[in-house]
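Here is a short report for a reader meeting this structure for the first time. Take a look at the model before reading on.

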Amino acid sequence: MDRKKLLVISVVVSLIAAWFLFDLGQYFTLEQAKAQQLALTDTIHAKPFLSSLAYFVLYIVVTALSLPGAVIMTLLGAALFGFWWSLLLVSFASSIGATLAFLFSRYILRDWVQANFGHRLSAINRGIEKDGAFYLFTLRLIPVFPFFIVNLLMGLTPITTRMYYFVSQLGMLAGTAVYINAGTQLGQIDSLSGIVSAPVLVSFALLGIFPLTAKTFMQAINQRRVYAQWNKPACFEQNMVVIGAGAGGLVSAYIAAAVKAKVTLIERHKMGGDCLNTGCVPSKAIIRAAHTMAEISRANEFGIQTGGAKVDFSKVMKRVHDVIGKIEPHDSIERYSQLGVKCIAGEATILSPWEVEVNGERITTRNIVIATGARPLVPNIPGLDKINYLTSDSIWSLTEQPQRLLVLGGGPIGCELAQSFQRLGSDVTLVEMADQLLIREDSDAAALVKSSLEQDGVDIKTAHKAVKFERVSDEHGKEQQRVLLETANGESLTVELDTVMLALGRVANVQGFGLEKLGITTSERGTVEVNEYLQTKYPNIFAVGDVAGPFQLTHAAAHQAWYAAVNGLFGQFKKFKADYSVLPAVTYTSPEIARVGLNEKEAKQQGIDFDIVTYGIDDLDRAITDGEDHGFIKVITPKGKDKILGATIVGHNAGELLAEFTLAMRHGLGLNKILGTVHPYPTMSEAAKYTAGAWKQANAPQGLLTLVEKYHRWMRKDNKAQAGEQEEMTKAKLPLNTVETPPKRSNESALSEK
């Protein structure tokens, strides 16, 4: 810490110390105020300006140093100077003093706090940057809230000094007026509780509800400003129009119809969206085929002899499309029409906050839900447009198996499809720019997946970047495709290929349906910018799913859809903030990676003081019998507590095992509850119980166990003594004519006696 900061701290500490050392607080009591009222009144009449200045400066010092006595000074000022003049003095003095305390906190502490805890405060910082003035205004309107805490804490936030002073000046005015009004009756007040009269209590009650009234008023002003250029229809044909029939759109429409709202669902392509047609469903279908082939290759491990198994790729892909067709009725126009949803196939265009056009028809609606999804990212790599490339959308059109497949991207999609195509017979090269596959996962979890992919034969190139694609002719004049890869240190490598599959992420679909005209903004990630209620800049227009982020997961889109539908239809009564605290996710490689909540990497980034408990699935009986004894469960908990902050599972059917931890987190159940739950034997689900047992063993109360051990030792000695005493008593009670039976002798001793 530099000398200037030390000097400032020294001065402030010295002043506070002097206050208590010289007991200056004795002059800031109600009794002293009443006793000195008459004498001070004469002084004020003689020297009004100097008296006012002295009072003003003293009030600033008391407030800036957060000393007790501000309430007494307020009451006394009202009695001495009258209502209006004291209101002026106290209002400005308190705001200046509060700002000085704010600046002290900012100068001394903010850099250190932000450097050490900035990751934890990021959400607060964003909230302050966006709505800090309103937060402060609300706090200032409640005079019973400790203002010195507000001063010190707000100094650690990004709010500007000018804004802090202005809002404090305005926000404290009402509370100051209430106290000053009470102070004008100082002569009739016998204790501080005396200021809490019926009129004052009513004033405080009004102050308490004023923030809510002010918030409603400010929201009304903001809405009026946002909607100023648009003409709102007098009536509406629909309660809700949903654009996009993927997971988010389908669930939004379903909920609206279930509560008897009139809802229209518009889809320009296929019902079911990416999940059904190009994402979850087809990928899991091909993973199933690849898993079957892998199982056949392991048959000898279980003592089973097989012939030469072959992959008929065209039949594999036919089954993929058959699976899509079998699930398709769940998301069909027929089903949703029966549920009460009006389904329209066509291109939607948002004309105004309450109007949507499709196929030349204009529909008026109270609410709009944008669920337009995302599309695969196609990077701008030289030569890519001249070769055969596929995306996670178009790969399902293949009818012939690619012999040499290059997969760009080591995320969940890239790893799943790379492993599947390798198991089905392709020679797969997987390229990832980062040093680790599945970069969001813990390194130990990603390492197990990488090892499994390599065992299957996938050639993995981490820390490599594709810099150029090209077509060349070999020595026989046959045209070949290849890619030039480079590492961070400049080394290069050429890989020949037949097909490239791009798995580099997805881009939100935010263009072509009217967002630009409405001025709806997008985030840095390219998604539609929404608040915690999933509202855009227009409170009646919502966005869910991939187009809104932050998660590109089918179940995340469905989760958001509930909030959007309920907030849109019933938001005038109650709105709900979208909650992502317990959101599971699974990567369907072999082994699977499943997790919920924080993983170890995220816990470290957030600076959380945590414990880790790990259980190796290789120790689980059912996993051993099934030949799936690999992987682990890792649970993050607070230090010394069984609360589950997050769980990561790597292993066979990890996604199924995750459900117990997700349920526990959602309903606040700790590891002790899991340990106390009976799990059937032998099952994979026992792994959750054994993980909880490992935590219990690591957190056993050693002091108590030492006492218990001593108790058991004492009980053993006591029982032995009791047994001896019982034997003596038995002998003493034998009758006189009783003959004791001699002990049995061995045959050898009997013969020797003869």
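The model is predicted. Its largest nonpolar core has 37 residues. Within that core, I286, F421, L430, L453 and M501 have the most contacts. Six elements each supply at least two residues of this core: α11 (280–297), α12 (313–327), β9 (404–408), α14, β10 (427–432) and α15.

**Around the core**

Start with I286. Neighbours within four places in sequence are set aside here. Beyond them, I286 is in contact with V316, M317, V320, W396, L417, S420, F421 and L424. F421 is itself one of the core residues with the most contacts.

Next comes A285. A285 sits in helix α11. Is A285 buried or exposed? A285 counts as buried, because its relative accessibility is 6%, and buried means under 20%. Which residues does A285 touch, leaving aside neighbours within four places in sequence? They are R319, V320 and V323. V320 is also on the contact list of I286. The C-alpha atoms of A285 and I324 are separated by 8.8 Å. Along the chain, A285 and I324 are 39 residues apart.

**Packed helices**

Two packed helices are described by the angle between their axes and the distance between the axes. Three pairs are set out below.

| Helix pair | Angle between axes | Distance between axes |
|---|---|---|
| α14 (residues 412–423) and α15 (residues 443–456) | about 25° | 9 Å |
| α9 (residues 247–258) and α17 (residues 554–570) | roughly 35° | within 8 Å |
| α3 (residues 48–64) and α4 (residues 70–81) | roughly 165° | within 11 Å |

Take α14 and α15. Both supply residues to the largest nonpolar core. The angle between them is about 25°. Angles under 35 degrees count as roughly parallel, so α14 and α15 are roughly parallel to each other. Their crossing is left-handed. On the α14 side, the contact uses C415, Q419, Q422 and R423. On the α15 side, it uses S452, L453 and D456. By class, the contact of α14 with α15 has two nonpolar, three polar and two charged residues. L453 plays a part in two places: it is in this contact, and it is among the core residues with the most contacts.

Now α9 and α17. The crossing of α9 and α17 is right-handed. From α9, the contact takes A247, G248, V251, S252, I255 and A256. From α17, it takes T554, A557, A558, A561, W562, A565 and L569. How many charged residues does the contact of α9 with α17 have? It has no charged residues, with ten nonpolar and three polar.

The third pair is α3 and α4. Their axes cross at roughly 165°. Angles over 145 degrees count as roughly antiparallel, so α3 and α4 are roughly antiparallel to each other. α3 passes α4 in a left-handed crossing. S51, S52, Y55, L58, Y59 and V62 of α3 make the contact with A70, M73, T74, G77 and F81 of α4. Sorted by class, the contact of α3 with α4 has seven nonpolar, four polar and no charged residues.

**Backbone details in loops**

Most residues other than glycine have a negative phi, and most peptide bonds are trans. Some places in this model depart from that.

The peptide bond from S590 to P591 is cis, with omega near 5°. P591 belongs to the loop between β18 (585–587) and β19 (592–597). Y681 and P682 are also joined by a cis peptide bond, with omega about -10°. P682 belongs to the loop between α21 (671–675) and α22 (686–698).

K260 is not a glycine, yet it has a positive phi of about 65°. K260 lies in the loop between α9 and β2 (263–267). Its relative accessible area is 75%, so K260 is exposed. N653 is not a glycine either, and its phi is positive at about 55°. The loop that holds N653 runs between β22 (646–651) and α20 (654–666). N653 is partly exposed, with a relative accessible area of 36%.

**The whole chain**

The secondary structure of the chain comes to 24 helices and 22 strands. The chain has 754 residues, of which 43% count as buried. Consider the contacts between residues at least 6 apart in sequence. Of these, 66% join residues at least 24 apart.

Note on methods: Residues are numbered from 1 along each chain as its sequence is written. This is a predicted model: local features need pLDDT of at least 70, side-chain atom pairs count only at pLDDT 80 or more; totals for chains, interfaces and linings use all residues. Side-chain values use heavy atoms; hydrogens and water are left out. Axes are lines fitted to C-alpha atoms, for helices over the stretch in contact, and angles run from 0 to 180 degrees between N-to-C directions. Helices (H or I, at least four residues) and strands (E, at least two) are DSSP runs, numbered from the N terminus. Angles under 35 degrees count as roughly parallel, over 145 as roughly antiparallel, 65 to 115 as roughly perpendicular and the rest as oblique. A crossing is left-handed if the near helix is turned anticlockwise from the far one by less than a right angle, and right-handed if clockwise. Contact means heavy atoms within 4.5 Å. Ala, Val, Leu, Ile, Met, Phe, Trp, Tyr, Cys and Pro count as nonpolar, Asp, Glu, Lys and Arg as charged, and the others, Gly among them, as polar. A nonpolar core is a set of buried Ala, Val, Leu, Ile, Met, Phe, Trp, Tyr and Cys residues joined through side-chain atoms within 4.5 Å. Buried means under 20% relative accessible area, exposed over 50%, partly exposed in between (1.4 Å probe, protein chains only).
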